[in-house]
Amino acid sequence: TSHNLHVSGVISSDKKLYKACSPYTVTGNVLVKEGVTLTIQAGVMVKVDAGTYIRVEGTLKAVGNSNEYITFESNKSTQGWNDWKGIEIRPTSSSSLDNNLAYVSGSQFKYVKLKHTELGIYVYNTGVHISNSEFSNNYKAIEIRKTNGVVIDNSIFSDNYIGIWSEYEPQGQDYYGDIKNTYIKNSIFSSNTNGIDLIMNQRDFINLNITNNVIKENNIGIDFGGGGYGPRVHSVLINENIIYNNTSYGVNLNQVYGQGTGTSADYPLEF
């Protein structure tokens, strides 16, 4: 039976959300404390009240399967962009990958559907592994800021304002820095205003890989660089993507500030 359980406040010991108890309603901001794991079973529906967020300083494991996705969506009767704040992955949520970029530890989203957020998944000063997931009807689906080890694989981004984003020059405590070891691959970006929009100011993109994606029917497919100065480019590979029927640009390779720090490569961006 469905108990429609409520979730809010600080989660200070390991917790599991069970399919048998689904749906869950997030009625207030949630904090998963450092060292604590929140595990969500396949098939769980999480409905989130307007204006609230889920902040992860520990570990969030949301692993569904192809028959039973985990869904995060707005609890409003008429759902839309910006209904709830989204999920924040904070620096103490450390993650690691193996040499094949497979998940080893840390926060993970697999077979997840995430909708109706202002900023779906915000990753700051750590990494995250996202695969086989669907992001739709978000203002911004994913923001990477000063990240190391973000994998986005086999996922679908549709009807978002922006699919994957790096802010030009964010202010406040989460100051920007180099974005390292990013893999955006085997995914579909369709019917977004911007599919991928990476415009960080005067910091390095180190080992950014945008490969084997299908990018179609957006306004802009990939927008890289630009702004006042643009990013530093240490090593960027945009390769083997299928890009078509985008309204303004399929790919816009815009201004960069200069060569990456610590490289003498003549062509640090390959398209």
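Is R90 buried or exposed? In this predicted model, R90 has a relative accessibility of 11% and therefore counts as buried, the limit for that class being under 20%. R90 is found in the loop that runs between β9 (86-89) and β10 (96-97). With neighbours within four places in sequence set aside, the contacts of R90 are R55, V56, E57, Y122, Y124, T126, Q173 and D174.

One of these partners, D174, is placed in the loop between β20 and β21. The side chains of D174 and R90 make a polar contact of 2.6 Å. D174 is also assigned to the buried class, because its relative accessible area is 9%. When residues up to four places away in sequence are not counted, D174 touches R90, Y122, Y124 and R145. Y122 and Y124 thus recur, as they are among the residues in contact with R90 and among those touched by D174.

The loop between β20 (162-166) and β21 (179-185) also holds Q171. In contrast to D174, which is buried, Q171 counts as exposed, because its relative accessibility of 57% lies over the 50% limit. The side chain of Q171 reaches the backbone oxygen of E169 at a distance of 3.0 Å.

Empty space was examined next. Rolling a probe the size of a water molecule over the atoms shows where such space is left. The largest pocket has a volume of about 230 Å³. Its lining comprises 13 residues, and those nearest the centre of the pocket are K85, E88, E118, L119 and Y122. Two or more lining residues come from each of β9, β14 (119-124) and β17 (140-145). The most is given by β9, with 3 residues. Y122, one of the residues nearest the pocket centre, is also in contact with R90 and D174.

Enclosed space was treated separately, and 2 cavities of 30 Å³ or more were counted. The largest cavity contains about 70 Å³ of space. The residues lining the largest cavity are V7, I11, L17, V26, V30, L38, I40, V46, I54, L60 and F72. The elements contributing two or more residues to this lining are β1 (5-11), β3 (24-32) and β4 (37-40).

Aromatic rings form 11 pairs in the model. One of them, between F205 and F224, is tilted, with 5.2 Å from centre to centre and 55° between the planes. This pair links distant parts of the chain, since F205 belongs to strand β24 (residues 204-211) and F224 to strand β26 (residues 220-224), the two residues being 19 apart. Both F205 and F224 are buried. Elsewhere, W81, Y139 and Y161 are linked into a cluster by ring pairs.

Charged side chains also lie over aromatic rings. The charged end of R203 sits over the ring of Y176, at 4.3 Å from its centre. K113 lies over the face of Y69, where the distance from the ring centre is 4.8 Å.

Backbone geometry was considered in the light of a general tendency: most residues other than glycine have a negative phi, and most peptide bonds are trans. The peptide bond that joins S22 and P23 is cis, with omega at about 5°. P23 is found in the loop between β2 (15-17) and β3. L101, a residue other than glycine, has a positive phi near 65°. L101 is placed in the loop between β10 and β11 (103-105) and is classed as buried because its relative accessible area is 18%. N137 is not a glycine either, and its phi is positive at about 60°. N137 lies in the loop between β16 (134-136) and β17. With a relative accessibility of 33%, N137 counts as partly exposed.

N137 is also one of the residues touched by S158. S158 is found in strand β19 (residues 156-158) and is buried, with a relative accessible area of 16%. Residues up to four places away in sequence being left out, S158 touches F135, S136, N137, S190, S191 and N192. The C-alpha atoms of S158 and G228 are separated by 29 Å, the two residues being 70 apart along the chain.

How values were computed. Residues are numbered from 1 along each chain as its sequence is written. This is a predicted model: local features need pLDDT of at least 70, side-chain atom pairs count only at pLDDT 80 or more; totals for chains, interfaces and linings use all residues. Side-chain values use heavy atoms; hydrogens and water are left out. Helices (H or I, at least four residues) and strands (E, at least two) are DSSP runs, numbered from the N terminus. Buried means under 20% relative accessible area, exposed over 50%, partly exposed in between (1.4 Å probe, protein chains only). Contact means heavy atoms within 4.5 Å. Rings of Phe, Tyr and Trp (its six-membered ring) pair if their centres lie within 6.5 Å; planes under 30 degrees apart count as stacked, over 60 as edge-to-face and the rest as tilted. A charge sits over a ring if NZ of Lys or CZ of Arg is within 6 Å of the ring centre and within 35 degrees of the ring normal. A polar contact is a pair of N or O atoms within 3.5 Å; within protein, one must be able to donate a hydrogen and the other to accept it, and residues adjacent in sequence count only if both atoms are side-chain atoms. On a 1 Å grid over the protein atoms alone, a cavity is a set of points where a 1.4 Å probe fits but cannot get out, and a pocket is an open set with protein on both sides within 12 Å along at least five of seven lines; lining residues have an atom within 4 Å of a point. Grid points are joined across faces, edges and corners, and a volume is the space filled by probe spheres set on the points.
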